[in-house]
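I opened the model to look up how the chain is divided and how its strands pair. My entries follow.

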Amino acid sequence: MNFKQQVENHKAYFNTLVTRDINWRKAQLRQIKKLVQENEQEFIAALNKDLGKPKVESWITEISYVAGDVDHVLKRLNKWANSRRVSTPIVAQPGRSYIQPEPLGTVLIIGAWNYPVQLVLAPLVAAVSAGNCAIIKPSELAPATSSLLATLIPQYLDNQAFSVIEGGVEETTELLTHPFDHIMYTGNGQVARIIMAAAAKHLTPVTLELGGKSPVYIDSSADITITAQRLAWGKWMNAGQTCIAPDYVLVQKDVLPQLLTALQSQISTMFGNDPKSSDSYGRIINTRHCERIASYLDTGDIVQGGEVDINERYIAPTIVVDPALDSALMTEEIFGAILPIITIDSFSEAKAFITQRDKPLASYLFTRDKQQEYQWANEISCGNLCINDVIMFNAVPDLPFGGVGPSGMGQYSGKAGFDNFSHLKSVLKRPFLKDLPVRFAPYTKLKFKLLKLIRHL
Ligand code: NAD
């Protein structure tokens with residue numbers, strides 16, 4: 001296993017300038033769309049094998065997500081790739097100033113297993129739109145999808161610019177020894193530290209799409225039925241294995257009974273009385289993660305679900321009320337089908353609860369109170385905020401997606417993705433007109449006075 005030649009080949013191809021051509025980029029983007037659309041059934045089957053993913057979820061969150069991303073980018077690419085004019089101050093006049101986006105080179109995209117198509121192809125769309133070559137490393141924990149991507153990408157895309165390397169820690173560790181021009185990693189914070197340390201050796205910039213505990217606060221002014229429906233959808237989609245899934249809920253005691261009834265009713269509407277036999281409910285990625293999630297069920301009152309079948313990688317949609325705050329359920333990212341609900345006394349207590357912990361990837365506020373909305377948006381730092389819904393900011397391509405602090409660094413989606421994989425080069429162009437002599441030596445008192453005058457014009 002030695003990926004040196006592969007990285008060098010892509011770098012040499014990048015240097016031919018082919019990938020800078022906007023028409024080449026568009027052609028590759030159309031091929032990505034074709035790849036997911038022509039192989040829809042194969043992707044649905046692979047995702048079902050890896051995660052028991054319901055067909056509709058696979059279509060919405062993976063296949064159609066990537067196709068829609070391509071459409072969005074294609075419509076706007078000319079504008080994004082164009083130079084962006086900025087004003088030129090008097091000291092640099094006459095002159096013309098602009099920002100010229102340029103591709104970074106050969107980038108490494110390391111994906112995670114929970115949305116194993118979206119999490120490599122959406123970064124790839126961004127990297128291609130900016131004109132880069134890329135090596136793609138899908139997650140080995142979703143082997144059927146990883147293998148499908150490794151088969152299809154060479155059939156659809158320019159092989160001199162893109163390749164897939166399958167494998168786990170060993171392969172990724174070797175890959176990370178090479179001098180990429182950018183690394184985009186999606187996964188957990190521990191591995192992110194390894195990625196960043198390896199990148200530092202080559203001063204390679206990184207984008208880290210990480211996770212954490214994304215909190216929800218539900219105020220008594222919220223419409224509880226609508227809240228419960230949106231919350232249940234976002235929590236139990238992909239059996240809770242979504243980086244921006246609601247991790248836990250904070251609610252005042254008097255709202256709890258109504259919220260529980262509404263959530264229980266939503267669970268039975270969405271997944272029936274036996275979610276295990278529902279076509280709309282997925283499975284945990286592997287037995288290790290299933291055991292990890294099941295081990296969190298040792299605290300609080302289980303008021304809904306709680307059934308676990310390790311052999312079938314099944315955990316029922318589960319609600320736990322008032323778990324111990326120092327339990328693993330409340331200190332670790334759950335990334336599974338358990339929803340803890342913590343009762344609190346006030347909106348300020350909810351804010352304090354969140355700000356005392358790591359900055360989350362997402363936070364969710366359900367309220368009709370404008371003052372709460374304002375305070376939440378201004379006082380709670382998080383990667384992404386959704387008011388009165390969950391996850392749906394991800395359906396808005398013009399909203400940059402990414403974490404802050406321990407939940408990640410850098411952003412993508414739409415133009416943010418294009419910029420993430422571009423260097424925004426500053427350019428000032430001046431004509432050959434004779435300059436006023438003020439800035440040139442010898443420096444005199446008069447020139448200094450004039451300089452000060454010009455500076456303040
Ligand atoms: P994972 O196990 O698939 O790992 C992610 C990638 O890291 C894989 O490609 C894997 O091969 C590689 N990797 C693992 N160990 C490594 C090592 N020691 N050295 C180098 N590479 C290594 O995924 P995961 O980390 O279990 O993913 C779950 C986490 O990802 C959660 O925290 C979740 O919130 C987060 N996540 C974030 C986003 C986002 O967009 N922000 C999306 C999905 C998941």
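**Domains.** I started with the division of the protein. There are two parts: domain 1 covers 3–210 + 408–424, and domain 2 covers 215–395. I note that this is a predicted model. I then took the C-alpha centres of domain 1 and domain 2, and they lie 31 Å apart. For the contact, I found 16 residues from domain 1 and 18 residues from domain 2.

**Interface.** The size of an interface is often given as the accessible area lost when the parts come together, so I looked that up next. Between domain 1 and domain 2 about 1400 Å² is buried. Carbon and sulfur atoms give 51% of that area.

How many salt bridges cross the interface of domain 1 and domain 2? The rule finds zero. I then checked polar contacts across the interface of domain 1 and domain 2. Six residue pairs qualify, both residues of each being at pLDDT 80 or more. Which elements give two or more residues to the side of domain 1 that touches domain 2? They are helix 3 (40–51) and helix 4 (55–81).

**Open sheet.** Next I traced the six-stranded sheet. Its order is 5-4-3-6-7-17, the sheet is open, and the pairing is mixed. Strand 5 (162–164) and strand 17 (408–409) each have a single partner strand, so they stand at the edges and one side of each is left without a neighbour in the sheet.

I looked at one pair in detail. Strand 3 (residues 106–110) runs parallel to strand 4 (residues 133–137), with five bridges between them. Within this pair, V107 stands opposite A134 of strand 4. Helix 1 (residues 4–15) packs on the sheet and touches strand 3, strand 4 and strand 5. I noted the angle too: the direction of helix 1 makes about 150° with that of strand 4.

**Strand 2 and its partners.** Last, I followed strand 2 (residues 96–103). Strand 1 (residues 84–86) pairs with strand 2 in the antiparallel sense, over three bridges. Which residue of strand 2 is the bridge partner of R85? It is Y98.

Strand 2 is also joined to strand 18 (residues 422–429). These two run antiparallel, and eight bridges join them. I picked out one position here: E102 stands opposite H423 in strand 18.

Methods
Residues numbered from 1 in each chain as written. Predicted model: local features only at pLDDT ≥ 70, side-chain atom pairs only at ≥ 80, totals over all residues. Heavy atoms only, no water. Pairing = 2+ DSSP bridges. Helix = DSSP H or I, 4+ residues; strand = E, 2+ residues; numbered from the N terminus. Contact = heavy atoms within 4.5 Å. Axes fitted to C-alpha atoms, helices over the stretch in contact; angles between N-to-C directions. Domains from an automatic or database assignment. Buried area = accessible area lost by both parts, 1.4 Å probe. Salt bridge = Lys/Arg side-chain N within 4 Å of Asp/Glu carboxyl O. Polar contact = N/O pair within 3.5 Å; in protein donor to acceptor, adjacent residues only side chain to side chain.
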